[in-house]
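Biologist: Could you take me through the ligand site in this one? I'd like a close look at what lines it, and then how it sits in the rest of the chain.

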Amino acid sequence: MAPAMDGIRIRGGKPLTGRVRISGSKNAALPILCATLLSDGQSLIRNVPDLKDIETTAELLETMGRPCDAAPPMVAVHPGAVTPEAPYELVKQMRASVLVLGPLVARYGKARVSLPGGCQIGSRPVDQHLKGLEALGAKLRTEHGYVIAEAPRLRGTEIVFDVPTVTGTENLMMAAALAKGRTTLVNSAREPEVVELARVLNKMGAKVRGAGTPVIEIEGQDELAPFDHAIVADRIEAGTYMVAAAAAGGDVLVEGVPVDDLEALVAKLRASGVGLEADGNGVRVVRGKTLRSVDVTTSPHPGFPTDMQAQFMVLMCLAEGTSRISETVFENRFMHVPELRRMGAEIEVQGHTAFVRHVTRLEGATVMATDLRASASLVIAGLVADGETIVRRVYHLDRGYEHIEDKLGAIGADVTRVHGLAG
Ligand code: EPZ
């Protein structure tokens, strides 16, 4: 019998009002925690979100021999003798564990890391990570599902990515920070999380230039120092609350929004008729009378973030007209569509494009979360829908949204966690 799991019950139809504070960024915190492996000293990371993925990363560092005091928002990573091995049991819980590979090879000259398996949203290979490490001089082989890498000392070189990969860029930036000589990463990812990691590496004494542009240069150092750093706010969590407020209606101040990192989303929200006003270090979201459908194509930063596609699709269900949403980053990121249809949405998928037709209302239903951002879209649909919605398998949600019931409850939503639902 499937194990009992948590769900979230939402009674919809209530406008949202009040203020919600955005937590530190999950996708910035994960590589920064892995960067602690580049130095032997104690590093302190602040404004860390209280999430399952942070717990898993702390467990991974502990397993490798670096004691951690993980009490979000603060995480301290202490010195310790490292066994450069990332076991399958932890990597299977979180693909981003592959981010220890670069730091381990660079700092310890060897690493044995379980290769991440398949993922709901796409095949997600790590060939670019491995290609880059080989270019830096590492000898790689795969054995029993693990990649084994060895390199007495990595050597700086030029690496051209076939695709701009976020964690690929981060892994090789960290590896190059302790390599001999200069490394140039071409066609790099430009995401704000890459820029945030470069900030930390430079705090550690590395010399990273050009993060946020397609070409990043890294002058390798012989040694790096520990750091103390406060993580930037989570742009995807912020975007999710902005879309929730726009969909449910009402007047919400989303506090601590890294607005500059959300230009593409802000432009699409405004084009669809959502009122957005800068207010202190936040954004006030006020839903206009009618929502207009807009077309969206996801792409690497500064394009429209794929991690906001599912949430934005719910908003387009409520917008006059038909919206075309094209997903170009991951090949299988429409898993939320059949669940939204069960709530009365009219969405037709043709290849990588979804055609979202206007409906006057959504109906509450029991739905199944399949991945992190799909689960956020189902929660937003539940906030809008008539009646009760139960979102099952919310462990997906807990990986990326801190205390979501409390935060939504604080702005007037009727959301409760339900324990022990059949899986
Ligand atoms: C990061 O994943 C994020 N995760 C993802 O967020 C996000 O969706 C993604 O970037 C895109 O923005 C973290 O930062 C921990 P990619 P990542 O490598 O680095 C292909 C969330 O919801 N590719 O930039 O794994 C790949 O298949 C998560 O918080 C290769 O072909 O994504 C994809 O099509 C989900 N070979 C494209 O590149 C490689 O070696 C972009 O993937 C690497 C990637």
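**Around the ligand**

Modeller: Let's start with an arginine: R333 has a polar side-chain atom 3.4 Å from an oxygen atom of the ligand. Keep in mind that this is a predicted model, and every distance here is computed from it. T165 makes a similar kind of approach, with an N or O atom of its side chain 2.6 Å from a ligand oxygen. For N27, the distance from a side-chain N or O atom to an oxygen of the ligand is 3.1 Å. On its own the ligand has 830 Å² of accessible area, and the protein covers 86% of that.

Who supplies the cover? Four elements each give two or more residues to the shell: α1 (26–35), α5 (127–135), α6 (166–176) and α12 (372–384). Of these, α5 has the largest share, with three residues. In total 21 residues surround the ligand, and D127, T165, T167, D307 and V329 are the closest. By character, the shell splits into nine nonpolar, six polar and six charged residues.

Now for a couple of loops that are worth a look while you have the model open. M335 is in the loop between β19 (322–326) and α11 (336–342). M335 has a relative accessible area of 24%, so it is classed as partly exposed. Leaving out neighbours within four places in sequence, M335 touches Q120, T370 and D371. M335 is also 9.7 Å from S375, C-alpha to C-alpha, although 40 residues separate the two in sequence.

The other loop runs between β18 (296–297) and α10 (309–317), and H301 is found there. H301 is buried, because its relative accessibility is 17% and the cut-off is under 20%. Beyond its neighbours within four places, H301 is in contact with R190, E191, P192, R235 and D261. The backbone does something to check here too: the peptide bond from H301 to P302 is cis, with omega near 15 degrees. P302 is in that β18 to α10 loop as well. Another cis bond joins P72 to P73, again with omega near 15 degrees, and P73 lies in the loop between β4 (68–71) and β5 (74–77).

While you're on the backbone, look at two residues other than glycine with positive phi. H144 has phi near 50 degrees and is in the loop between β8 (139–143) and β9 (146–150). With 73% relative accessible area, H144 is exposed. N187 has phi near 60 degrees, and its loop runs between β11 (182–186) and α7 (192–203). At 27% relative accessibility, N187 is partly exposed.

Finally, zoom out to the whole chain. There are 14 helices and 24 strands. The radius of gyration is 21 Å, close to the 22 Å from the globule rule for 423 residues, so the chain is as compact as a globular protein of that length. Along the principal axes, the C-alpha atoms fill a box of roughly 65 × 45 × 40 Å. Buried residues make up 56% of the chain. Taking contacts with a separation of 6 or more, 74% are between residues 24 or more positions apart. As for the outside, the accessible surface comes to about 16100 Å², with 50% of it belonging to carbon and sulfur atoms.

Note on methods: Residues are numbered from 1 along each chain as its sequence is written. This is a predicted model: local features need pLDDT of at least 70, side-chain atom pairs count only at pLDDT 80 or more; totals for chains, interfaces and linings use all residues. Side-chain values use heavy atoms; hydrogens and water are left out. A residue is near a molecule or strand if one of its heavy atoms lies within 4 Å of it. A polar contact is a pair of N or O atoms within 3.5 Å; within protein, one must be able to donate a hydrogen and the other to accept it, and residues adjacent in sequence count only if both atoms are side-chain atoms. Accessible areas come from the Shrake-Rupley method with a 1.4 Å probe; for residues, only the protein chains shown count as cover. Ala, Val, Leu, Ile, Met, Phe, Trp, Tyr, Cys and Pro count as nonpolar, Asp, Glu, Lys and Arg as charged, and the others, Gly among them, as polar. The radius of gyration is taken over C-alpha atoms; the globule rule is 2.2 Å times the number of residues to the power 0.38. Buried means under 20% relative accessible area, exposed over 50%, partly exposed in between (1.4 Å probe, protein chains only). Contact means heavy atoms within 4.5 Å.
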